[in-house]
Amino acid sequence: MDHFDSKILSELQSDSGKSISEIAERVNLSLSACHRRIKMLEEAGVIDGYAARLDRHALGLEADVFVEISLTSQSQETLDLFEKAVMNYDEILECHLTTGNADYIIRVAARNVPDYDRIHRNCLAKLPHVASMRSTFALRAIKTWKGYPVL
C-alpha cells in the first residue's frame, strides 16, 4: 500500500458516496488508475464494505449505553455460547471481548430509558452465562468514530 492507496482510503472513509472521478481528482490519479486501485483494495479485503453513517438522534435513539458484562466462566464453550447469542440481537450494536474487570463491553442505542429497560429485559437478560452487568449511559459524545487512521 502506497501513499495513493492511503489517500484513496481516506477519501472513501470520509465519504464513501464520492464518485470515483471525484476521488481520482482529489488524489491526483487518472480515473482508470483510481478505479483499479479501489478494486484491488476491495479484493485484498482492505475495503470491507460501504455503508451510510446514520445520525442516531435523527432516528430517535437518544440513549447511547455501554454495558460491561462478566460471565460465569471463561471456558471456550461459555464464550462461544455468549458470542453466538449476541449475534441474534439487532439491539446490540457492538460487542467486544475485553481485558480488565469485565469480559465484554456491549454498546446499545435506545430511544430512552424505558426503551433501554425493554432491551435489558428482552435481550441482555437473555444472554447465556451472564454473572453481572453494569450499564453506563453516555451523556454526550465528545469525539465520535469517523474511521481508522490511514497512514
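This text walks through a sheet and the helices of a predicted model.

Start with the sheet. Strands of a sheet pair through backbone hydrogen bonds, either parallel or antiparallel. Here four strands make up an open sheet, and their pairing is antiparallel. Read across the sheet, the order of the strands is 2-3-1-4. Strand 2 (92-97) and strand 4 (130-137) are the edge strands, each pairing on one side only. From one strand to the next, the twist averages 20 degrees.

Now look at one pair within this sheet. Strand 2 and strand 3 (residues 104-110) run antiparallel and are joined by five bridges. Within the pair, isoleucine 92 stands opposite valine 108 in strand 3.

Two helices belong with the sheet. Helix 4 (residues 76-86) lies across strand 1 (63-71), strand 2, strand 3 and strand 4, and runs at about 15 degrees to strand 3. Helix 5 (residues 113-122) also packs on the sheet, where it touches strand 1, strand 3 and strand 4. The direction of helix 5 makes about 135 degrees with that of strand 3.

Another pair of helices can be followed earlier in the chain. Helix 2 (residues 20-27) packs against helix 3 (residues 31-43) at an angle of about 105 degrees, and their axes are 9 Å apart. Because angles of 65 to 115 degrees count as roughly perpendicular, helix 2 is roughly perpendicular to helix 3. On the helix 2 side, the contact is made by Ile20, Ser21, Ile23 and Ala24. Helix 3 contributes Leu31, Cys34, His35 and Ile38. Sorted by class, this contact has six nonpolar residues, two polar residues and no charged residues.

Notes
Residues are numbered from 1 along each chain as its sequence is written. This is a predicted model: local features need pLDDT of at least 70, side-chain atom pairs count only at pLDDT 80 or more; totals for chains, interfaces and linings use all residues. Side-chain values use heavy atoms; hydrogens and water are left out. Two strands pair if DSSP finds at least two bridges between them. Axes are lines fitted to C-alpha atoms, for helices over the stretch in contact, and angles run from 0 to 180 degrees between N-to-C directions. Contact means heavy atoms within 4.5 Å. Angles under 35 degrees count as roughly parallel, over 145 as roughly antiparallel, 65 to 115 as roughly perpendicular and the rest as oblique. Ala, Val, Leu, Ile, Met, Phe, Trp, Tyr, Cys and Pro count as nonpolar, Asp, Glu, Lys and Arg as charged, and the others, Gly among them, as polar.
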